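Trainee: I would be grateful for a close look at a single part of this model, namely its nonpolar core, together with the setting in which that part is found.

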Amino acid sequence: RPCIVDPSFQCIVHIQSSQIDSIASPFLNRFEKFVLTVSDILTGELERLPQGLRSILSTVLHECEALCDVLGEKGIWASSDSDTLKSIFIGIIPPVSAQGLVEELNHDQVTAGQEDLLSSSILKFLQSKL
């Protein structure tokens, strides 16, 4: 039965891509459609980090992806090695930014020319969280 809907009402419908074919078209046609991937989420999370930390984590991700390429599909722990790896990084990023990595470091350490000190501090922090 019809009802009054607040003008500021907003709705998000999350549907996995594998389920799209089973959803009625008239329902889907009522909404704008956006595809959101694990890569999109990771990119957004990385963008909110300071440039130095973003660069380090991007390099580590790239190296991990290279290792996954060497190991091959059967050497990876999941069906989608790329998404699994990116999901792990998404899980690492909030603790890095929200639980005080920058606070644990002296602000003097985060100056140009001291990337090795920053990298080792980040590595120690991540190891403590794993």
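**The nonpolar core and its setting**

Mentor: The accessible surface of the chain comes to about 10,100 Å², and carbon and sulfur atoms account for 56% of that area. The model is a predicted one. Of the 130 residues in the chain, 22% are buried. The secondary structure consists of six helices and zero strands, so that, read from the N terminus, the order of elements is α-α-α-α-α-α.

Within this helical frame, the largest nonpolar core has 11 residues. Its leucines are Leu42, Leu46, Leu49, Leu53, Leu57, Leu61 and Leu85, and Cys68, Phe89, Ile90 and Ile93 complete the set. Helix H2 (38–47), helix H3 and helix H4 (81–98) each supply at least two residues of this core. Phe89, one of the core residues, deserves particular attention. Leaving aside residues up to four places away in sequence, Phe89 touches Leu42, Leu57, Val60, Leu61 and Cys64. Of these partners, Leu42, Leu57 and Leu61 are listed in the core as well. For the chain as a whole, contacts between residues at least 6 apart in sequence may be considered: 56% of them join residues at least 24 apart.

Helix H3 covers residues 51–71, and Gln51 lies in it. Gln51 counts as exposed because its relative accessibility is 51%, where the cut-off for exposed is over 50%. The side chain of Gln51 makes a polar contact with the side chain of Arg54, at 2.6 Å.

Leu67 is also found in helix H3. Together with Val70 and Leu71, Leu67 forms a nonpolar patch on the surface, and the three residues have about 310 Å² of accessible area together. Helix H3 therefore presents two aspects to be read side by side: it supplies at least two residues of the core, and it holds Leu67 of the surface patch.

One charged pair remains to be described. The side chains of Arg48 and Glu45 meet in a salt bridge, with an N to O distance of 2.6 Å. The cut-off for such a pair is 4 Å, and the count by this rule comes to one salt bridge. Arg48 is classed as partly exposed because its relative accessibility is 46%, a value that falls between the limits of 20% and 50%.

Methods
Residues are numbered from 1 along each chain as its sequence is written. This is a predicted model: local features need pLDDT of at least 70, side-chain atom pairs count only at pLDDT 80 or more; totals for chains, interfaces and linings use all residues. Side-chain values use heavy atoms; hydrogens and water are left out. Buried means under 20% relative accessible area, exposed over 50%, partly exposed in between (1.4 Å probe, protein chains only). Helices (H or I, at least four residues) and strands (E, at least two) are DSSP runs, numbered from the N terminus. Contact means heavy atoms within 4.5 Å. Accessible areas come from the Shrake-Rupley method with a 1.4 Å probe; for residues, only the protein chains shown count as cover. A polar contact is a pair of N or O atoms within 3.5 Å; within protein, one must be able to donate a hydrogen and the other to accept it, and residues adjacent in sequence count only if both atoms are side-chain atoms. A nonpolar core is a set of buried Ala, Val, Leu, Ile, Met, Phe, Trp, Tyr and Cys residues joined through side-chain atoms within 4.5 Å. Patches are made of residues with over 30% relative accessible area and no salt bridge: like charges are joined within 9 Å, nonpolar side chains (Val, Leu, Ile, Met, Phe, Trp, Tyr) within 5 Å.
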